[in-house]
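Below are some comments for a colleague who has the coordinates open. They begin with one strand and its neighbours, then turn to the fold of its chain and to the contact between the chains.

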Amino acid sequence: MARSPDRRPGFSRRAQYGIFTGYVIAVAGFLAGAGLLIVSIVNPSAFSSVRGAASEIARPAGEAGAETRAAGQSVIAAIGAYFQAGRQNAALTREVAAARANALTMQALEGENRRLKALLGIVDPMVKPVAAGRLIGSTASSARRFAVLSAGSSQGVRPGQPVRSAAGLIGRVIETGPGTARVLLVTDPENVVPVRRARDGLPAFVEGKSDGRIAIRLLNMGVNPLKLGDVFVTSGSGGLYPPGIPVAVVTEVLHDGGVGHLASDPADADFVVVLPVFQPAAVTALGASQQAAGPAPEPSEAGGGN
Amino acid sequence: MPFPRLPELPSLPMRPEDLVPQRINRAPSPLLASGLPWLSVMLASLAAFSPVIASAPVVPPLAFMVFLAWRMLRPSLLPLWAGLPLGAFDDLFSGQPFGSGIVLWSAAMLVMDTIDNRLLWRSFVQDWAVAGLLMSAYLVLSAGIAGLAAAYPLPLVIGPQVLVTLALYPLVTRFVALLDRIRLLPLRSV
């Protein structure tokens, strides 16, 4: 098939000028885009208001999608449960027996913990969620990992606040609009979370790998103590994330750390909860000292380590 | 109850043209004829608000694919500068740093123009090859720009995404061809 000849305007001066103007605008658009790109790489929050407005407009579509997702998952889960009913029943019976024993131990530990804390005079800050919402969209085709949350600044959501689901940490808010907010997921490489091993408090930090898994880096060098199946929870250092939220489960042990799967896959989360910043004063102080010290040599969020 | 035999079932219209009963003294609606390409690309940009919350880049860049398919099917329908507004709209939802869509989509339009001037003949396989090159370059450059913005060299996780994109492109062109027939339905009476 030969190409269509409609790009040859003949002798019409007007059509010739029209084509020339098209080229000029196209090249100007390319250059303008390059300029905007440099601006938005230097200052990532430069266009947050425009993005916020766009998310507001697309919000109904996203909410419908979120409900479809929940319904679709329950259908698939129901079918899966039918096929696995017998095996699952046996496994669950065993698990319940084990869990009952664990629960009794937990009760005893809790009581002991309360008494010890009372002795030391420590008061735990009451963590009351800021808002609850659904994840209504995600950047599924970009290498950056953002999600859009269906709650915004009118519900009290502010940039920096951590977001969690029932199963674990999802990420933190980075931009807010009136009714939507943009969440930096834990799997984004820019998101660094200080964690500790749930079993013994081994300090580490996790960093997104942007392929759905996260890299676990240890703070202490030496023999790698990680085991498959180790659970890491937030440690509360840095003052941003409240301690004790599950983040990752180790699935691969490397010579200097490990690779983990998310404790809470954002695709499974029906509702998510926005929590207040754990220690706002510490975060502000760290931010101020970082600004005074100039840019950090490597990407690390407020106070990254333990 | 007897199973209904095939001829008794009401038949669906097989072609979009069958939806319009009268064809004489009718012309395509100008709004639909020129607006449908823009609208379909913008709707594809909203695929970020689909029910899938992905924790890895797996979904093909649908908006860019629809955009390329329109450009290949009707070379003069979208103006040469269409990458500027459509890329900007895609940037609002794609999660890329603002401006990356504008740059890459405008560049794709200019490259397509050069290719059209060089290769005088068109065929299915050639279109697919050209689109495959453009889409792979788009994905690699997008990941590179995202890595610049994250100040962290992003790992090459886009391999599966590139394969899915290449495989899906003929389907997208098929869909765009259907939209093109809907676009030219004679809805306006002359």
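1. I would begin with strand S7 of chain A, residues 192-197, which is mostly covered, since six of its six residues are buried. The model is a predicted one, and the remarks that follow should be read as remarks about a prediction.

2. Which residues of S7(A) lie on each of its two faces? On one side are A:Val192, A:Pro194 and A:Arg196, on the other A:Val193, A:Val195 and A:Arg197, and all of these are buried, so that both faces of the strand are covered. In a regular strand the side chains alternate between the two faces of the sheet.

3. S7(A) is joined by five bridges to strand S8 of chain A, residues 203-208, and the two strands run antiparallel. They form a hairpin with five residues between them, and in the turn A:Gly201 has a positive phi of about 80 degrees.

4. S7(A) also pairs with strand S10 of chain A, residues 231-234, again in the antiparallel sense, here over three bridges. A:Val195 is a convenient residue from which to view both pairings: its bridge partner in S8(A) is A:Ala204, while in S10(A) it stands opposite A:Thr234.

5. As for the chain around this strand, chain A has three helices and 13 strands, and 36% of its 306 residues count as buried. Among the contacts in chain A between residues at least 6 apart in sequence, 60% join residues at least 24 apart.

6. Turning to the contact between the chains, 57 residues of chain B are in contact with 58 residues of chain A. On the side of chain B that touches chain A, helix H3 (83-94), helix H4 (100-118) and helix H5 (124-150) of chain B each supply at least two residues. The residues of that side divide into 41 nonpolar, 14 polar and two charged.

7. H5(B) merits a separate comment: with 27 residues, this helix reaches 38 Å from its first C-alpha to its last, close to the 39 Å expected at 1.5 Å a residue. Its buried residues include B:Asp127, B:Leu134, B:Met135, B:Tyr138, B:Leu139 and B:Ile145, and also B:Ala146, B:Ala149 and B:Ala150.

8. What do the buried residues of H5(B) pack against? Their partners are helix H1 (13-42) of chain A together with three helices of chain B, namely helix H2 (62-73), H4 and helix H6 (159-183). H4(B), like H5(B), is also one of the helices that supply at least two residues to the side of chain B touching chain A.

How values were computed. Residues are numbered from 1 along each chain as its sequence is written. Chains are lettered from A and ligands numbered from 1 in the order in which they are written. This is a predicted model: local features need pLDDT of at least 70, side-chain atom pairs count only at pLDDT 80 or more; totals for chains, interfaces and linings use all residues. Two residues are in contact if their C-beta atoms, placed from the backbone, lie within 7 Å. Helices (H or I, at least four residues) and strands (E, at least two) are DSSP runs, numbered from the N terminus. Ala, Val, Leu, Ile, Met, Phe, Trp, Tyr, Cys and Pro count as nonpolar, Asp, Glu, Lys and Arg as charged, and the others, Gly among them, as polar. A residue is buried if 20 or more other C-beta atoms lie within 10 Å of its own, exposed if 12 or fewer, and partly exposed in between; C-beta atoms are placed from the backbone. Two strands pair if DSSP finds at least two bridges between them. The expected span of a helix is 1.5 Å times one less than its number of residues.
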